[in-house]
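This report deals with charged side-chain pairs and with a patch on the surface. Please keep the sequence and the structure at hand while reading.

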Amino acid sequence: MLAPSAGREWVELSPNPLPVDTATRWATTPAAGAVVTFLGVTREQSEGRTGVQALTYEAYAGEAVRRMEEIAAAARDRWPAVERLVLLHRTGEVALSEPSVVVVASSPHRAEAFEAAQFCIDTLKETVPIWKREHWEGGSDWAESAQPVQPVRQPTRSG
């Protein structure tokens, strides 16, 4: 069972369902006027494929967690007002409509929360060594949208 961190970041991989409500409650602090929660869920279509019934995620666990921690640190460097950050990702089989990834960012104001959350999910998808296999009636294969894992980059300043 996943449990919140004692610190200001909660970063974890898990074969168990992701605790979305717990993550959102944990990120909500008295100083946070904005809490942005992003869920990536399994859908029934993918690039070039329909009828997807489930996904299986595999990860290079130690490196994946290290990269997720780097992402949180980079977000904190760019948006120091962020109260708490959550980056949780499933491994193993994930059924349709179940969350495979949860990102939560809280801050005193919405702009920082939205920007930090978007940076975290976009960078996670580009840099964390997690791969997905799609299952459909009659077969399964690695996702066609797979890309090489990139290093974590510092976020650029906006506006």
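The text below takes the salt bridges first and the nonpolar patch after them. The model is predicted.

**Salt bridges**

Side chains of opposite charge can pair when their charged atoms come close. Five salt bridges are counted in this model. Three of them are listed here with the N to O distance.

| Pair | N to O distance |
|---|---|
| Glu9 and Arg76 | 2.2 Å |
| Glu63 and Arg66 | 2.4 Å |
| Glu63 and Arg67 | 3.1 Å |

Which parts of the chain does the pair of glutamate 9 and arginine 76 tie together? Glutamate 9 pairs with arginine 76, and their closest N and O atoms are 2.2 Å apart. Glutamate 9 belongs to strand E1 (residues 9–14) and arginine 76 to helix H2, so this salt bridge ties together parts that lie 67 residues apart in sequence. Glutamate 9 is partly exposed, because its relative accessibility is 28%. Arginine 76, at 15% relative accessibility, is buried, the cut-off for buried being under 20%.

The other two pairs in the table lie within helix H2 and have glutamate 63 in common. Glutamate 63 and arginine 66 are three residues apart in this helix, so about one helical turn separates them. Their closest N and O atoms are 2.4 Å apart. Arginine 67 is four residues from glutamate 63 in helix H2, and here too the separation is about one helical turn. The N to O distance for arginine 67 and glutamate 63 is 3.1 Å.

Are glutamate 63 and arginine 67 buried or exposed? Both are buried; for glutamate 63 the relative accessibility is 18%. Arginine 66, by contrast, has a relative accessibility of 37% and therefore counts as partly exposed.

These pairs are part of a network of salt bridges that links Glu63, Arg66, Arg67 and Glu70.

**Nonpolar patch**

Which residues make the nonpolar surface patch? Tyr60, Trp131 and Trp142 make it, and its area is about 340 Å². Tyrosine 60 sits in the loop between strand E5 (52–59) and helix H2 (61–78). With a relative accessible area of 52%, tyrosine 60 is exposed, since exposed means over 50%.

Helix H2 thus appears in both parts of this report: the loop holding tyrosine 60 lies between strand E5 and this helix, and arginine 76, the partner of glutamate 9, lies in helix H2.

How values were computed
Residues are numbered from 1 along each chain as its sequence is written. This is a predicted model: local features need pLDDT of at least 70, side-chain atom pairs count only at pLDDT 80 or more; totals for chains, interfaces and linings use all residues. Side-chain values use heavy atoms; hydrogens and water are left out. Patches are made of residues with over 30% relative accessible area and no salt bridge: like charges are joined within 9 Å, nonpolar side chains (Val, Leu, Ile, Met, Phe, Trp, Tyr) within 5 Å. Accessible areas come from the Shrake-Rupley method with a 1.4 Å probe; for residues, only the protein chains shown count as cover. A salt bridge is a side-chain nitrogen of Lys or Arg within 4 Å of a carboxyl oxygen of Asp or Glu. Buried means under 20% relative accessible area, exposed over 50%, partly exposed in between (1.4 Å probe, protein chains only).
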